[in-house]
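User: I want to learn how to read helices and a chain contact in a model. Can you walk me through one?

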Amino acid sequence: MTDMTIDRDKLRDIYTRTMRVARADEKFRSLLMTGKLAVIYYTVRGQELVSAAAMAALEQDDYLVTTYRGQHDQIAKGVPLNPLFAEIAGKVGGTCRGKGGSMHITHPETGVMVTTGVVGSGLPIANGLALASQNRGDGKVTMVCFGDGATNIGAFHEAMNMAQLWKLPVIFLCQNNRYGEHTAFADHTKVDSIVTRAKAYGMTGVHVDGNDAIAMYNTTKAAVDRARAGEGPTLIEAMCYRMMGHFFGSDFSYMPKEHLAEMAAEDPLPRLRQLMLDHQFTEAELDAIVADLDAQMDAAADFAANSPLPGPEEIRKDVFEEEIAA
Amino acid sequence: MSAQITMTQAINRAIDEAMAEDEGVILLGEDVAAKQGGGVFKISSGLTEKYGEKRIRATPISEQAIVGACVGAALAGFRPIAEIMLMNFVTVAMDQIVNHAAKLRFMSGGQTHVPLVIRTTTGVGVGFGGQHSDMLEAWFAHVAGLKVVTPSNAADAQGLMRAAIACNDPVIFIENILCYGLKSDDPGPGHVVPLGKAAVTREGSDCSIITYGRTVLDALEIAGKLAEEGISVEVIDLRTIAPYDEATVTASVQKTGRAVVLHEAVKQYGTGAEIASRLNEKLFGKLKAPVTRIGGAFSAVPMANALEQAWIPNKDAIADAVRSAVNWKG
């Protein structure tokens with residue numbers, strides 16, 4: 001049974017992380033809508049809480065590997081907003097000097113080691129980070145996030161098998177948002193849930209409502225504790241919804257009306273707000289958290305807008321350790 | 001006569017030395033641990049006994065997972081070595097190599113890097129057929145962020161392996177099955193051959209043969225024969241294919257005025273095209289003959305020995321290419 005109790009400070013932490021993700025996502029969309037940003041952006045609307053609750057169970061120096069739809073994971077893990085916004089805008093003040101963009105955010109200080117634009121490729125890499133921790137005995141845990149769409153690529157299966165074989169301290173967090181690009185879950189996978197696949201590798205698998213803050217946090221925490229104790233990996237299937245199209249601005253008329261209605265009813269943001277009120281947080285307290293975050297978003301957007309564009313010399317840097325000749 | 005060492009012993013020694021110096025050097029690959037015999041070609045023989053199964057990890061047959069795990073460990077500060085049993089199997093791991101190992105330094109703006117060596121072997125002439133014999137070096141040389149190395153002799157194999165493990169960027173290290181038993185004078189412990197430096201293996205004045213890997217042996221044999229005809233051949237062993245040692249190659253061809261580029265990989269779109277093109281750009285007007293290329297036939301590598309021998313760059317053809325260059329009348 002999942003523990004359904006939670007510490008109030010942890011709940012506040014989860015709320016703050018969730019709203020930091022949500023307000024950043026809304027800011028990105030508003031910058032795109034008003035033409036202040038013109039980049040590809042994979043909105044994380046609907047997946048804010050699943051990340052926030054998961055990352056709240058990790059330490060800052062634990063490793064994270066995520067995917068192109070990963071801004072929620074990065075922000076919830078703690079990547080500072082100014083360089084994150086600048087990176088998405090392709091500016092030199094970005095985490096990666098504008099050379100990575102939203103699909104390739106890297107920020108080792110907060111443990112964000114890889115964001116990959118290739119579906120499923122993060123899982124084998126996460127194993128390697130976890131292997132390094134296992135050999136060093138440094139107690140770190142690696143989490144790798146991916147969607148349901150990633151579970152039908154070979155890398156998923158190779159990585160799951162290897163992780164269990166070597167009892168690596170890694171957590172496979174499948175954020176099942178019900179769609180792989182434009183294809184609904186039932187049209188790409190015959191089994192009812194991803195978690196059934198854990199059994200095929202002898203791995204512990206847990207199915208959880210990703211929009212239930214307490215269940216999501218406690219499930220992740222249990223997996224983190226197991227991994228730190230040397231008991232091996234866990235596959236977590238966290239159910240959630242991708243509440244917009246594949247990328248921002250893309251058509252999602254392929255989603256049936258019933259799905260859209262179900263999705264709206266399960267929106268994690270009002271649900272979390274209610275949970276907070278149920279735990280005696282006041283409206284004023286919660287509004288103050290959001291107001292503070294909004295000020296941070298405005299500052300980050302300004303920072304990104306004012307950060308210079310990278311110069312052409314950047315093309316010759318970081319190809320190898322030594323700069324290549326002009 | 002000084003002590004001799006085989007290429008197998010040389011590569012084993014280089015890995016052994018690196019593992020003794022740095023706990024972060026680990027080896028992952030199919031069958032590589034003692035329990036499985038130390039690898040199909042015995043390169044890791046004796047290493048499990050010294051360094052344990054946490055550092056010498058025999059893996060499932062999962063090339064993506066092997067290379068991916070090495071990429072991840074490298075990001076965490078290790079210096080992993082991935083053994084991919086045969087070069088054709090590297091194709092299974094191309095996403096990890098091309099999209100990740102090669103690009104993470106750049107895409108992260110230099111925040112992370114991938115000090116990874118992918119060791120693999122291949123070679124035409126042992127009857128393994130189309131899926132166990134290819135030289136695919138040009139594929140990797142085409143990708144920004146990868147270094148590509150192939151030794152032609154045991155001493156270089158030892159020294160290049162040490163340099164590859166010490167390199168802070170990913171290195172594709174190509175061994176040739178037919179070269180494992182070749183002996184060199186023992187270079188002794190601690191031998192390092194820097195990456196990116198070609199060797200002038202034989203000096204000459206009439207024509208340069210630019211090559212690497214096993215075909216260096218063919219080039220040296222032909223150079224000896226042509227000397228009897230009064231043709232002086234210079235043999236350049238690139239050792240590192242990428243980055244390309246333009247200074248050494250250009251200087252050689254500037255001196256001889258003629259060049260034949262020789263490799264075992266198929267000629268079409270091969271490294272020979274790149275080298276010939278660069279020579280043309282640098283030395284147009286100074287060349288006494290067109291730069292020519294010799295490579296494998298444009299087919300899958302055949303199994304039957306008769307076909308395999310017809311496929312592989314032929315020593316007579318190499319000699320004829322040099323003679324044609326020397327006798328070129330325009």
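Analyst: We take the chain contact, then three helices. Keep in mind that this is a predicted model.

User: How many residues does each chain bring to the contact?

Analyst: In general, the size of an interface is often quoted as the accessible area lost when the parts come together. Here we count residues instead. Chain A gives 33 residues and chain B gives 34 residues.

User: Which elements of chain A supply at least two residues each to the side that touches chain B?

Analyst: They are β2 (112–116), α5 (122–136) and α6 (154–165) of chain A. The largest share comes from α5(A), with 9 residues. By class, this side of chain A has 17 nonpolar, 10 polar and 6 charged residues.

User: Next, helix α9 of chain A. What span should its 16 residues have?

Analyst: Multiply out the rise of 1.5 Å a residue, and helix α9 (residues 213–228) of chain A should span 22 Å. Its end C-alpha atoms are 22 Å apart, so the two agree.

User: Which residues of α9(A) are buried?

Analyst: The general idea first. An α-helix has 3.6 residues a turn, so residues three or four places apart point the same way. Now the case. The buried residues of α9(A) include Met216(A), Thr220(A), Ala223(A), Val224(A) and Ala227(A). Also buried are Ala213(A), Tyr217(A), Asn218(A) and Thr219(A).

User: What covers the buried residues of α9(A)?

Analyst: The cover includes helices α1 (8–33), α2 (48–55) and α11 (268–278) of chain A. It also includes strands β4 (170–176), β7 (204–209) and β8 (234–239) of chain A. Just after α9(A), Gly230(A) has a positive phi of about 80°.

User: Compare α7(B). How many of its 13 residues are buried?

Analyst: Length first. Helix α7 (residues 154–166) of chain B reaches 19 Å from first C-alpha to last, close to the 18 Å expected. Of its 13 residues, 12 are buried, so α7(B) is largely enclosed by the rest of the structure. Among them are Asp156(B) and Arg162(B), along with Leu160(B) and Met161(B).

User: Last, a helix pair. At what angle do the axes of α8 and α12 of chain B cross?

Analyst: Roughly 55°, with the axes of α8 (residues 215–228) and α12 (residues 315–326) of chain B coming within 10 Å. The two helices are therefore oblique to each other. The crossing is right-handed.

User: Which residues of α8(B) meet α12(B)?

Analyst: Asp218(B), Ala219(B), Glu221(B), Ile222(B), Lys225(B) and Leu226(B). Their partners in α12(B) are Lys315(B), Ile318(B), Ala319(B) and Val322(B). The residues of this contact divide into 6 nonpolar, no polar and 4 charged.

How values were computed: Residues are numbered from 1 along each chain as its sequence is written. Chains are lettered from A and ligands numbered from 1 in the order in which they are written. This is a predicted model: local features need pLDDT of at least 70, side-chain atom pairs count only at pLDDT 80 or more; totals for chains, interfaces and linings use all residues. Two residues are in contact if their C-beta atoms, placed from the backbone, lie within 7 Å. Helices (H or I, at least four residues) and strands (E, at least two) are DSSP runs, numbered from the N terminus. Ala, Val, Leu, Ile, Met, Phe, Trp, Tyr, Cys and Pro count as nonpolar, Asp, Glu, Lys and Arg as charged, and the others, Gly among them, as polar. The expected span of a helix is 1.5 Å times one less than its number of residues. A residue is buried if 20 or more other C-beta atoms lie within 10 Å of its own, exposed if 12 or fewer, and partly exposed in between; C-beta atoms are placed from the backbone. Axes are lines fitted to C-alpha atoms, for helices over the stretch in contact, and angles run from 0 to 180 degrees between N-to-C directions. Angles under 35 degrees count as roughly parallel, over 145 as roughly antiparallel, 65 to 115 as roughly perpendicular and the rest as oblique. A crossing is left-handed if the near helix is turned anticlockwise from the far one by less than a right angle, and right-handed if clockwise.
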